[in-house]
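Work through the exercises below with the model open. Try each task before you read its solution.

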Amino acid sequence: MKKVQIGSQEALVGEVDELCRALADEVEALLKSRAGEGKPAVLGLATGSTPLPFYAELIRRHREEGLSFANVISFNLDEYEGLGRDHERSYWCEMWKNLFDHVDVKPENVNVPPSVAENPDQAAAEYEAAIQAAGGIDWQLLGIGGEGHIGFNEKGSSAESRTRRVTLARKTIVDAAPGFGGEENVPTHAITMGVATILEAKRVVLMARGASKKEIVHRAISGEVGPDVPASFLQKHGNVGWFLDDDAAGS
Ligand code: F6R
C-alpha cells in the first residue's frame with residue numbers, strides 16, 4: 001500500500017486486502033479506545049459491493065481474534081423505499097447477511113433508515129435526530145456511485161443536506177437493475193443521510209474499487225468541489241481517508 005498525492009488530497013492505494021486491513025485497523029483501534037473509556041463507538045456503514053471484503057475482515061477479527069462489537073452503535077447511510085425489511089435486496093437484510101449476523105453487535109444498536117414509513121419525511125428527521133442523540137458518528141464508511149453519489153446523495157445534493165427522502169438518479173437505478181431482475185423492479189426513492197450529516201462524522205473514509213470508478217474517483221478527489229459530484233464535498237472534511245485499489249486509482 002502506498003500514499004499517493006492526488007490534487008490536494010492524499011490517497012492510500014493498494015491491493016483490496018491491504019485496504020481492508022487498514023480500514024479494519026482503524027475500526028479496531030476505535031472500538032478498543034471507546035471500550036477503554038466505557039463509551040460506545042458510533043459507526044456509519046455503507047452497503048453495496050465495495051465494502052464486502054472489509055466486512056469479511058471484521059468478521060474474521062471477531063471470530064479469530066475476539067474483536068467485540070458489543071459496544072457499537074451503527075447507522076447505515078441509506079435504505080430503499082418500499083421494499084420492507086424482509087426483502088432480500090433491502091439494505092437492512094444485506095447488512096445482517098454480510099456483517100451483523102456474524103458479530104456480537106446488539107440488535108437494538110443497529111440503525112438503518114426505514115424502508116416503509118407512514119411519513120418518510122418525519123422518519124428521516126427522526127433518523128437524523130437519533131444520530132445526534134448517539135453523540136454523532138465517529139467513523140463513517142462510504143462507497144462512491146458511478147456519478148459521484150455518497151449514500152444516495154445524487155448529483156445536485158447540497159452540502160447542507162440532511163437525512164431525507166430522495167429520488168434515485170437514472171444511473172443509480174440502471175446500476176442496481178441486475179440485482180433486482182430489471183430496472184422496473186428497482187425502487188425509485190430512498191431515505192439517505194445528507195451530505196451535511198456525513199460531513200459531521202469525526203472520521204470519513206471512502207473506499208473505491210475497480211476501473212469503472214477511476215474517472216469519478218478522480219473528479220471527487222481533485223475536481224471542483226460542488227453538487228455536480230457530491231463526493232467532492234469530502235475534500236473539505238478535515239479528516240477524510242481515500243482508500244483506492246490500483247484500478248480505481250488508475251495506477
Ligand atoms: C450504499 C451507498 C452507495 C454505494 C455506492 C457504491 O449504502 O450508499 O452510495 O456506496 O453506490 O456502490 P458499490 O459499492 O456497489 O459500487
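Helices, labelled H or I, are DSSP runs of at least four residues, numbered from the N terminus. The model used here is predicted.

**Exercise 1. Place Ile198 and describe its surroundings.**

Step 1. Find the element. Ile198 belongs to helix H6, which spans residues 195-199.

Step 2. Is Ile198 buried or exposed? Buried means under 20% relative accessible area. Ile198 has 0% relative accessibility, so it counts as buried.

Step 3. List the contacts, leaving out residues up to four places away in sequence. Ile198 then touches Leu77, Gln140, Leu142, Ile150, Asn153, Met193, Val204 and Leu234.

Step 4. Set sequence against space. Gly44 is 154 residues from Ile198 in sequence. The C-alpha atoms of Ile198 and Gly44 are 8.5 Å apart.

**Exercise 2. Do likewise for Gly226.**

Step 1. Locate the residue. Gly226 lies in the loop that runs between helix H7 (214-222) and strand E11 (240-245).

Step 2. Apply the cut-off. Gly226 counts as buried because its relative accessibility is 10%.

Step 3. Look for partners beyond four places in sequence. Gly226 touches Ser232 and Phe233.

Step 4. Take a distant pair. Gly226 and Glu128 are separated by 98 residues in sequence. Their C-alpha atoms are 23 Å apart in space.

**Exercise 3. Say where Ser90 sits and what it contacts.**

Step 1. Start with the flanking elements. Ser90 is in the loop between strand E5 (78-80) and helix H3 (91-98).

Step 2. Judge the exposure. Ser90 is at 0% relative accessibility and therefore counts as buried.

Step 3. Add the contacts, setting aside neighbours within four places in sequence. Ser90 is in contact with Glu79, Leu83, Gly84 and Arg85.

**Exercise 4. Describe the setting of the ligand.**

Step 1. Which pocket holds the ligand? The ligand sits in the largest pocket.

Step 2. Name the surroundings. There are 13 residues around the ligand. Those that come nearest are Thr47, Thr50, Asp78, His149 and Lys213.

Step 3. Check the polar atoms. An N or O atom in the Asp78 side chain is 2.6 Å from a ligand oxygen atom. For the side chain of His149, an N or O atom is 2.7 Å from an oxygen atom of the ligand. Ser49 uses its backbone: an N or O atom there lies 2.9 Å from a ligand oxygen atom.

Step 4. Finish with the cover. On its own, the ligand has 410 Å² of accessible area, and the protein covers 86% of that area.

Key: Residues numbered from 1 in each chain as written. Predicted model: local features only at pLDDT ≥ 70, side-chain atom pairs only at ≥ 80, totals over all residues. Heavy atoms only, no water. Helix = DSSP H or I, 4+ residues; strand = E, 2+ residues; numbered from the N terminus. Buried < 20%, exposed > 50% of the residue type's maximum accessible area, 1.4 Å probe, protein only. Contact = heavy atoms within 4.5 Å. Near = heavy atom within 4 Å. Polar contact = N/O pair within 3.5 Å; in protein donor to acceptor, adjacent residues only side chain to side chain. Areas by Shrake-Rupley, 256 points an atom, 1.4 Å probe, with all protein chains shown as cover. 1 Å grid on protein atoms, 1.4 Å probe; cavity = no way out; pocket = protein on both sides within 12 Å on 5 of 7 lines; lining within 4 Å. Sits in = over half its atoms within 2 Å of the grid points.
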